[in-house]
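Here are my notes on this one, in the order I'd go through them with the model open. Have a look and see whether you read it in a similar way.

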There are 2 protein chains.
Amino acid sequence: MEFFKFIVSQIIDYTPKEWDGFASQIRIQEFKKSTFLAEANRVPEEVFFIEKGLIRVLINDSKGAEHTFHFATEGQFIADYASYLRMQPAHYSLQALEDTRVVVIPRAAIDWGYAHMRQGEKLGRLVAEQYFSYHDDRIKQTFSLTPKERYDKIEEVFPGILNRIPQHMIASYLGISSVHLSRLKNQK
Amino acid sequence: MEFFKFIVSQIIDYTPKEWDGFASQIRIQEFKKSTFLAEANRVPEEVFFIEKGLIRVLINDSKGAEHTFHFATEGQFIADYASYLRMQPAHYSLQALEDTRVVVIPRAAIDWGYAHMRQGEKLGRLVAEQYFSYHDDRIKQTFSLTPKERYDKIEEVFPGILNRIPQHMIASYLGISSVHLSRLKNQK
DNA sequence: TTAAAACGATAACAAATGTTTAGAAAGCTA
DNA sequence: TAGCTTTCTAAACATTTGTTATCGTTTTAA
């Protein structure tokens, strides 16, 4: 929990009393490799903060095929945040790719923070802005770079990821088939 | 300006005094069809709110080709918001596709709102969340739908757009060539 | 109003990417 | 450790999508 407290302190100021009120509503939870933290079709009621481990965000298309949407690692927040905000059934599932320890932040804790922490809204704003910027960069890249170029840059976005994640999931993230990625790697 | 004031009142509460302080720092500006509100490579120092008209957000790739990233219409905020937040040179340019009237909101006004309006941070949070959700939906769709399916649904995302925007810009938005879109339309 | 530019459809061809199958290497689990 | 599963590469072929060029039509601007 100390790691989480530290990361939040980097983003906003809070009093010990504010922190205690907030912390009393959150908890630590561990997930074994390959298990799911959250599944599609359920309304997300919590946001996760990753203390240790690696999480894959995936979506199933209308034909049942699975697509990797995103990876998240130590020090990051993760959820199907759009569905969380709208209180609608999630499209994404969250899967641990390694044994993972997270801080579970229920909706009640977040709303309490907005109402009772002086900089609660600011924290929410900055997290949303950061998450937004990541998405924006990503769409920007799909327009301006080829899949090969995006593969070559993936370590900038997810440092160390190529040693932690099977290649077919990376191909899925890039929106191409694993066979095609294998081909691209052997070009030049 | 009344339309903008109304839209903000739908999002947060503010006192007359708060509004006057904020409003004294913003201004109305008009842009003729085809002109640019903002250009890539300059650090964005303002966010626009569209009172009337239609704006195209575009990006140029490394080979100089132009891609349409987004469309924005009446009642929406628009900027290269990621670059605005990071205070870095913009990747996007903003172009009016019709004669357009916008409210220009300089960075100073936004920061003033965060500091002096009780619900200023909340407004920032909600706008960021909304913008994020739009981006998220979009990436979701590129994974789960074919270009044809996305074309068929584009009126849900941008009502009335097919009558206001040339087809090659729509093709660019969908990430396909105009020739290919023309082909897809005639299937089935 | 008229000449120029932009637009959208189409065809022919080229390039990129997907699918299926197979096999070897690596990893996992009982 | 042995057997099973996953992972990655490769080849052959199919499909999708892009590129270029052409041609009416519509729109724009002087």
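1. A quick word on terms, since the symmetry point leans on it: copies are superposed by least squares on the C-alpha atoms of residues with pLDDT of at least 70 in both. Keep in mind that this is a predicted model.

2. On to the symmetry. A turn of 180 degrees, with a shift of 0.0 Å along the axis, lays chain A on chain B with an RMSD of 0.0 Å. The two copies are therefore related as by a two-fold rotation axis. If you want to find that axis from chain A, go to A:R125: its C-alpha is the nearest one in the chain, 1.9 Å away from the axis.

3. Next, how the chains meet. I get 26 residues of chain A in contact with 25 residues of chain B. On the chain A side, the elements giving two or more residues are β5 (66-73), α3 (81-86) and α5 (120-144). Of these, α5(A) gives the most, with 17 residues. By class, this side of chain A has 10 nonpolar, 7 polar and 9 charged residues.

4. Do the partners use one surface or two? The copies meet through the same surface, because 96% of the interface residues of chain A are also interface residues in chain B.

5. Now chain A by itself. It has 9 helices and 8 strands. Its radius of gyration is 18 Å, close to the 16 Å that the globule rule gives for 188 residues, so chain A is as compact as a globular protein of that length. Along its principal axes, the C-alpha trace spans about 60 × 30 × 30 Å.

6. Still on chain A: 34% of the 188 residues are buried. Among contacts with a separation of 6 or more, 72% are between residues 24 or more positions apart.

7. Last, the DNA. Which residues are closest to DNA strand D? They are A:Q167, A:S182, B:I176, B:V179 and B:H180, out of 14 residues that surround the strand. Two or more residues each come from α8 (167-174) and α9 (178-185) of chain A, and from α8 (178-185) of chain B. Watch the numbering here, as 178-185 is α9 in chain A but α8 in chain B.

8. On that surface near DNA strand D, α9(A) gives the most, with 4 residues. The residues there divide into 5 nonpolar, 8 polar and 1 charged.

Terms used:
Residues are numbered from 1 along each chain as its sequence is written. Chains are lettered from A and ligands numbered from 1 in the order in which they are written. This is a predicted model: local features need pLDDT of at least 70, side-chain atom pairs count only at pLDDT 80 or more; totals for chains, interfaces and linings use all residues. Two residues are in contact if their C-beta atoms, placed from the backbone, lie within 7 Å. The radius of gyration is taken over C-alpha atoms; the globule rule is 2.2 Å times the number of residues to the power 0.38. A residue is buried if 20 or more other C-beta atoms lie within 10 Å of its own, exposed if 12 or fewer, and partly exposed in between; C-beta atoms are placed from the backbone. A residue is near a molecule or strand if its C-beta atom, placed from the backbone, lies within 6 Å of it. Ala, Val, Leu, Ile, Met, Phe, Trp, Tyr, Cys and Pro count as nonpolar, Asp, Glu, Lys and Arg as charged, and the others, Gly among them, as polar.
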